[in-house]
Amino acid sequence: MVERPYTILSCGVSLDGYLDAATPDRLVLSNDDDLRRVDAVRADVDAILVGAATVRHDNPRLLVRAADHRERRRRRGLGESPAKVTITGSGRLDPGSNFFTAGQSEKLVYCASRSVSRARDRLGGLATVVDGGDPIDVGEVSLDLGRRGVRRLMVEGGGQIHTQCLTADLADELHLVVAPFFVGDPRAHRFVGAGTFPWHPGNRAHLAETRQMGDVVLLRYLLTKRPAVVGSASAP
Ligand SMILES: NC(=O)c1ccc[n+]([C@@H]2O[C@H](COP(=O)([O-])OP(=O)(O)OC[C@H]3O[C@@H](n4cnc5c(N)ncnc54)[C@H](OP(=O)(O)O)[C@@H]3O)[C@@H](O)[C@H]2O)c1
C-alpha cells in the first residue's frame, strides 16, 4: 500500500497571523538563525511543495544553501536539493522563475486538467506536468508523491496550500515561526483561511518544542502520532 509522505508544514507569521504584507515586496519575517534552521529541514526532505501563488509572488529558489548539508545529501546518494513541487489550477507559471531555473532537482507541477496543455506548452521540458484532475485534491497529490518515492515532504506555503493540508489532515508536523511585529492589513494573506481543522478546543495539538532564535520563536507541533521517517534515496 502506498503511504503518503511524512509531511512538515513550515512558515513564518506575524504576531497577528499574517504570511505577508499585501505589498509587491516579499515580507521578511525570519532571521538568519531561522533561515539556517529552515535550510537544515529542507536538507532532510525528499521534496518541497509550495502553491503557485507563492511561486509567482515570492519567486523562491527552494534550494539547500549550506555546503555541508548538500555534501551530506550527496553522500546519501541524493541530489543536492530536494525535488520541487507546485500545484496550479490556472497553469499560469513563468518558466523563467527560480522554481524552474534554479538548481538541478526534479520539478513537478500538479495542474488542473483544464490547464494541462497550456502548462505543458509554457513549461516545455523544464518540469513534469501531472494532470491532477479538476479540482485537484491535495490528498491525491500527497499519495502520488508517495508513489514517486517521496517519503518526507516539506510544505512551505502559502496559505491556501497550508489550509488544504491541515483540513485534509495531511500534516504530521507544523513548524510555525512567529515574528515580533504586526501586519494589520486585511488584504494580506493569513497563515490559513476558513475551514474545519482537526485541532480545536476539544482536540489540542501537541506542542513538542519551542525555540527562541533572536527575536523570533519557533513553535513545533506534532500533529499526528506517526513516527518520523527519513528521506528516501529513490525520491524524484
Ligand atoms: N511567511 C511565509 O512563510 C510564507 C511562505 C509561503 C508563502 N507566503 C506568502 O503567501 C502568499 C501566497 O499565499 P496564497 O494563499 O495566496 O497562495 P498559495 O497557497 O501559495 O497558492 C495558491 C495557488 O495555488 C494553486 N492551488 C492551490 N491549491 C490548489 C488546488 N487544490 N487545485 C488547483 N490549484 C491550487 C492555485 O494556483 P493558480 O492561481 O495558478 O490556479 C492557487 O491560486 C504570498 O504572498 C507569499 O508571500 C508566505
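Reader: Is Arg92 buried, partly exposed or exposed in this predicted model?
Author: Arg92 has a relative accessibility of 45%. Buried requires under 20% and exposed over 50%. Arg92 therefore counts as partly exposed.

Reader: Which residues form the positive surface patch with Arg92?
Author: Arg92 lies in the loop between strand E3 (83-88) and helix H4 (98-101). Patch residues need over 30% relative accessible area and no salt bridge. The positive patch joins Arg92 with Arg56, Arg118 and Arg122.

Reader: What is the distance from the side chain of Thr86 to the backbone nitrogen of Ala52?
Author: Thr86 is placed in strand E3. Its relative accessible area is 0%, so Thr86 is buried. A polar atom of the Thr86 side chain and the backbone nitrogen of Ala52 are separated by 3.4 Å.

Reader: How many residues apart in sequence are the parts that Asp172 and Arg4 tie together?
Author: The side chains of Asp172 and Arg4 form a salt bridge, at 2.9 Å from N to O. Asp172 is in the loop between helix H7 (159-167) and strand E7 (173-178), and Arg4 is in the segment before strand E1 (6-13), so the pair ties together parts separated in sequence by 168 residues.

Reader: Which residue of the salt bridge between Asp144 and Arg147 is exposed?
Author: The closest N and O atoms of this pair are 3.6 Å apart. Both residues lie in helix H6 (residues 138-147), about one helical turn from each other. Asp144 is buried because its relative accessibility is 15%. With a relative accessible area of 52%, the exposed residue is Arg147.

Note on methods. Residues are numbered from 1 along each chain as its sequence is written. This is a predicted model: local features need pLDDT of at least 70, side-chain atom pairs count only at pLDDT 80 or more; totals for chains, interfaces and linings use all residues. Side-chain values use heavy atoms; hydrogens and water are left out. Patches are made of residues with over 30% relative accessible area and no salt bridge: like charges are joined within 9 Å, nonpolar side chains (Val, Leu, Ile, Met, Phe, Trp, Tyr) within 5 Å. Accessible areas come from the Shrake-Rupley method with a 1.4 Å probe; for residues, only the protein chains shown count as cover. A salt bridge is a side-chain nitrogen of Lys or Arg within 4 Å of a carboxyl oxygen of Asp or Glu. Lys and Arg count as positive and Asp and Glu as negative; His and the chain ends are not counted. The place of a charge is taken as NZ of Lys, CZ of Arg, CG of Asp or CD of Glu. Helices (H or I, at least four residues) and strands (E, at least two) are DSSP runs, numbered from the N terminus. Buried means under 20% relative accessible area, exposed over 50%, partly exposed in between (1.4 Å probe, protein chains only). A polar contact is a pair of N or O atoms within 3.5 Å; within protein, one must be able to donate a hydrogen and the other to accept it, and residues adjacent in sequence count only if both atoms are side-chain atoms.
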